[in-house]
Amino acid sequence: MNQYPEEPWDEEVDLLVLGTGAAGLSAALTAAAQGSAVLVLEKTEYLGGTTAYSAGTCWVPNNSFQREDGIFDDHERAVRYLDAVVGNKAPRESRVAYLEAAPKMLDGLRALGVEFRRSPQVVDYHSELPETGKTGRALEPEPFDGRLLSRADFRRVRPPVPEFALMGGTLMLRRAEVAALLKLYTGSLAERGKAVALAAKLGMRWGWTD
């Protein structure tokens, strides 16, 4: 017996997306760009999922951003890296399929206007392994000016980890900015001067609101 009452549909779409993390929003954007009617549902009060919390970073070996900077990754080395890290905890075919499809996914998003930045300072998590690759596999999204959103919409975006945010989570930092600001305590006199200048720049940008 059906325990749920029968209710008529009030909306029909081509694609129903559950969750607003990177996977869900990428699927929604791609489908909408191809002319499909899309509805995205989120169960929490925030948008962005774990992706927003982790600063939107993605890990994609052999990506076009690497190649544009003269870094040519090795697909087979990336396969061996995941073999060593994941082992038999997941099907090998799944991670091989990911390594083949992920660079194409980035190119597709880029064609839709979603840009990323290579993070040359970020190495593979298990850099002690001989299969680890060259830097540049970690990519950060291009910064987005939150002032383009209304205050209400901005508050709906899930805040990042505290280490990547200032001003109560309303000003997010890139990895390079975090590293530069830490020089205020540990760097040389010149590095401390640059850290102060960066802090002032970020503060002025945050304070410049409509």
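Is F65 buried or exposed? In this predicted model, F65 has a relative accessibility of 6%, and because the limit for a buried residue is set at under 20%, F65 counts as buried. The surroundings of this residue are best reached by way of the whole protein, then a helix, a small sheet and the aromatic rings.

The protein has 210 residues, of which 27% count as buried, and its chain is arranged into 8 helices and 7 strands. Along the principal axes, the C-alpha trace spans about 75 × 50 × 35 Å. The accessible surface amounts to about 14200 Å², and carbon and sulfur atoms account for 59% of that area. When contacts between residues at least 6 apart in sequence are considered, 60% of them join residues at least 24 apart, and several of the contacts described below link separate elements of the chain.

Helix α5 is a convenient place to begin. This helix covers residues 92-111, 20 residues in total, and from its first C-alpha to its last it reaches 30 Å, which is close to the 28 Å expected at 1.5 Å a residue. Within α5 there is nevertheless a kink of about 35 degrees at A101, shortly before the proline P103. The buried residues of the helix are R95, V96, L99, A102, P103, L106 and L109. An α-helix has 3.6 residues a turn, so residues three or four places apart point the same way. In α5 the buried residues pack against two other helices, α1 (22-33) and α4 (75-86), and against three strands, β3 (58-59), β4 (116-118) and β5 (138-141). After the helix comes G113, a residue whose phi is positive, near 100 degrees.

The three strands that α5 packs against, β3, β4 and β5, also appear together in an open sheet, where the order is β3-β5-β4 and the pairing is antiparallel. In this sheet β3 and β4 are the edge strands, each of them pairing on one side only. Between β4 and β5, which run antiparallel, there are 3 bridges, and R118 stands opposite L139 of β5.

Strand β3 contains C58, which at 18% relative accessibility falls under the 20% limit and therefore counts as buried. Leaving aside residues up to four places away in sequence, C58 touches L106, F116, R137, A138 and L139. One of these partners, L106, is among the buried residues of α5, while another, L139, is the β5 residue that R118 faces. A contact with L106 should not be read as placing C58 beside every part of the helix, since C58 and G108, which are 50 residues apart in sequence, lie 15 Å apart in space from C-alpha to C-alpha.

Beyond β3, in the loop that leads to α3, lies N62, which has a positive phi of about 60 degrees although it is not a glycine. With a relative accessible area of 26%, N62 is partly exposed. S64, by contrast, belongs to helix α3 and counts as buried at 10% relative accessibility. Apart from residues up to four places away in sequence, S64 touches D107 and R110.

The aromatic rings add a further view of how these elements meet. A search of the whole structure finds 2 aromatic pairs. In one of them, the ring centres of W59 and Y81 are 5.7 Å apart and the planes stand at 35 degrees, so the pair is described as tilted. Because W59 lies in strand β3 and Y81 in helix α4, this pair ties together parts that are 22 residues apart in sequence. The two partners can be told apart by their accessibility: W59, at 22%, counts as partly exposed, whereas Y81, at 4%, counts as buried.

The pair formed by F65 and F116 is edge-to-face, with 6.2 Å from centre to centre and 75 degrees between the planes. This pair links distant parts of the chain, since F65 sits in helix α3 (residues 64-68) and F116 in strand β4, 51 residues apart. F116 is buried, with a relative accessible area of 10%, and F65, the residue of the opening question, is buried as well. F116 is also one of the residues touched by C58, which itself lies in strand β3.

Methods. Residues are numbered from 1 along each chain as its sequence is written. This is a predicted model: local features need pLDDT of at least 70, side-chain atom pairs count only at pLDDT 80 or more; totals for chains, interfaces and linings use all residues. Side-chain values use heavy atoms; hydrogens and water are left out. Helices (H or I, at least four residues) and strands (E, at least two) are DSSP runs, numbered from the N terminus. The expected span of a helix is 1.5 Å times one less than its number of residues. The bend at a residue is the angle between axes fitted to the seven residues ending there and the seven starting there. Buried means under 20% relative accessible area, exposed over 50%, partly exposed in between (1.4 Å probe, protein chains only). Contact means heavy atoms within 4.5 Å. Rings of Phe, Tyr and Trp (its six-membered ring) pair if their centres lie within 6.5 Å; planes under 30 degrees apart count as stacked, over 60 as edge-to-face and the rest as tilted. Accessible areas come from the Shrake-Rupley method with a 1.4 Å probe; for residues, only the protein chains shown count as cover. Two strands pair if DSSP finds at least two bridges between them.
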